[in-house]
Amino acid sequence: MGIGRKRRAVALLLVATSASGSAGAASVGERLARAGNQNGATACIACHGEAGGGQAAIGSPYLAGLDRHYLIRQIEAFKTGKRVNPVMRPIADALSPEETEAVAAYFSGLPLPEQGLGAPGMAAGAVEARRLMTEGKWQQAGMPACVSCHGPGGQGVGTAFPNIAGQPAAYTKAQLEAWRQGQRSSDPNKLMQSVAEKLTPQEIDSLAAYLSSLSPAAPGTAQPQGRADGDMGGMGGGS
Amino acid sequence: MRRPAWQAVFAAALLVGSGWSAAIIAQQAPAGDRAGERFIPPAESAIPDDAFGNAVRYGRTLFTDTANRMPQHVGNALTCGNCHLDAGKLADSAPMWGAWVRYPAFRAKTGEVNTLAERIQGCFQYSMNGTAPAHDSPELKALLAYMYWMSTGAPTGATLRGSGYPTLEQPEQPADPTRGQGVYQEYCALCHGADGQGQQARGVQVFPPLWGDRSYNWGAGMHRINTAAAFIRANMPLGRPGTLSVQQAWDVAAYINSFERPQDPRWQGSVEKTDERFHNHQCLYGGTVEERRLGAVPLGE
């Protein structure tokens, strides 16, 4: 994700100022989220938004309501370089294991954003993207549907498969490209690397846009239009 | 279950049982699945927008959401699509277009010639652990309409490339569920859970349970180690076929099928009699694992 340095600095300043006055009752996780720590971890909400809701303009994902274990694993992946990210790397390095746990618990406890961070409505390529989402691309490339692991509406399953509905299009696109290019290798069993390699650049664009338009929280938002079989079409065997 | 040579290690390690015959396992059919004519089913966008198309779409819906849509006929948490990927269209995943052109056919399992409708009814009885929908039910008609549609252009009577699951060569070492447990934990538990019960999200069974009350019963084809190994090797982990070695596929298939599951509906009054009559193949029905005999709970209890 590309984050404007200047913009972040301004945001940090504001956050630090406001947080210093009322940090007493906040949990460790919330204090970290709002003000960072003394070791160089900057405030999470500067980029990830107040209440962890993400910022589409800078391609920064929402963290609120994501699975706690998933968040912990991502911070660890930034540390080890399995997720190559020059912005997150120093922040992750500055978090102790306890702080990592605390800040992950804080964000996972916040409510999911109700609206997706992309443009609502159907962008170009939405029909194709929705097909990839609900049916995959088995015949041409052996690619499973997104929902077969990320669940109904792409809203996540368990601790391993995160909610992918409503994340900024720039973020999802960057992740799919990172998997393709080996810049993100923290996925278990290379599941996402394998998927990303089977997508064309156009499909990545349309899929990222489509996913960004979905609600992270509302049920049934990925319901394919004009089809009775629902957004889990092919949960069966993850088709 | 018949005790094949390849189970010697397993038998020594895990199975302390009576009723083991010393018979040699029947040889698997020679690998021929890769031969034959290639077939590609039509795109779903080609489903016609008329009454027939509606039946096709309804059939597809039933195929991929079976437990929810047909609760009166499904006794577990599975869908047809769990074992037939891409909604039954994927080569090497027992595609429906491969079956369509090969029925009616004589089946050793029933000892008679069955229509495809009867074959599907068998799936409901065993793989779905339920009761078969009637031949003239809207559900069975729709499933057949879907299968007919996806087989458009496929030559009747042909053995198409990718039909069934590709027969897997025998492992170098006897299939060993203890080794299989390690394979399971490394590759399978992520989705199917360490307890084999799959995972749900928002009330939907996203990953299917592999054993226990909510999975296929002891009469289903997948309880055979060779069938499960072939499916796994060709299709798992999802989207990454061929990840597991032949040995790993056999081992993990043995592990998955070394747990209890619903009784064989052809129950003969005792596990011994049922085993002897219906389980002369590569399976663990009637074996003893950790001092419990698999399949010993009578039908209906």
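How many residues does helix 10 of chain A have, and how far does helix 10 reach from its first C-alpha to its last? Keep in mind that we're looking at a predicted model here. Helix 10 covers residues 169-181 of chain A and has 13 residues. From its first C-alpha to its last it reaches 18 Å, close to the 18 Å expected at 1.5 Å a residue.

Let's stay with that helix for a moment. Its buried residues are Ala169(A), Ala170(A), Tyr171(A), Thr172(A), Lys173(A), Ala174(A), Gln175(A), Leu176(A) and Trp179(A). What do they pack against? The buried residues of helix 10 of chain A pack against helix 11 (191-197) and helix 12 (201-212) of chain A. Just past the helix comes Gly182(A), with a positive phi near 80 degrees.

Pick out Gln175(A), which sits in helix 10 of chain A. Is Gln175(A) buried or exposed? It has 22 other C-beta atoms within 10 Å, and 20 or more is the mark for a buried residue, so Gln175(A) is buried. Gln175(A) and Gln193(A) are 18 residues apart in sequence, and their C-alpha atoms are 9.9 Å apart in space.

Now step back to chain A as a whole. The domain assignment splits out domain 1 (5-108) and domain 2 (126-238). Where these two touch, domain 1 of chain A puts in 16 residues and domain 2 of chain A puts in 14 residues. On the domain 1 side, the contact is made of seven nonpolar, five polar and four charged residues.

Over to chain B. There you'll find eleven helices and six strands. Chain B has 301 residues, and 53% of them are buried. Take the contacts in chain B with a separation of 6 or more: 67% of them are between residues 24 or more positions apart.

Helix 2 of chain B, residues 51-64, is worth a closer look. At 1.5 Å a residue its 14 residues should span 20 Å, and its end C-alpha atoms are indeed 20 Å apart. Why can we call this helix largely enclosed by the rest of the structure? Because ten of its 14 residues are buried. The buried stretch takes in Ala55(B), Val56(B), Arg57(B), Tyr58(B), Gly59(B), Arg60(B), Thr61(B), Leu62(B), Phe63(B) and Thr64(B). These buried residues pack against helix 3 (66-69), helix 4 (85-88) and helix 7 (138-150) of chain B.

Further along chain B there's a hairpin. Strand 3 (residues 199-201) and strand 4 (residues 204-207) of chain B run antiparallel, joined by three bridges. Ala201(B) stands opposite Val204(B), a residue of strand 4 of chain B. The hairpin has two residues between the strands, and Arg202(B) takes a positive phi near 50 degrees.

Both the hairpin strands and helix 2 turn up again where the two chains meet. In that contact, 30 residues of chain B touch 32 residues of chain A. Helix 2, helix 4, helix 8 (177-192), strand 3 and strand 4 of chain B each supply at least two residues to the chain B side. Which of the elements gives the largest share? That's helix 2 of chain B, with five residues. Sorted by class, the side of chain B that touches chain A has 14 nonpolar, nine polar and seven charged residues.

Key
Residues numbered from 1 in each chain as written. Chains lettered and ligands numbered in written order. Predicted model: local features only at pLDDT ≥ 70, side-chain atom pairs only at ≥ 80, totals over all residues. Helix = DSSP H or I, 4+ residues; strand = E, 2+ residues; numbered from the N terminus. Expected span 1.5 Å × (residues − 1). Buried ≥ 20, exposed ≤ 12 C-beta atoms within 10 Å, placed from the backbone. Contact = placed C-beta atoms within 7 Å. Pairing = 2+ DSSP bridges. Domains from an automatic or database assignment. Nonpolar A, V, L, I, M, F, W, Y, C, P; charged D, E, K, R; others polar.
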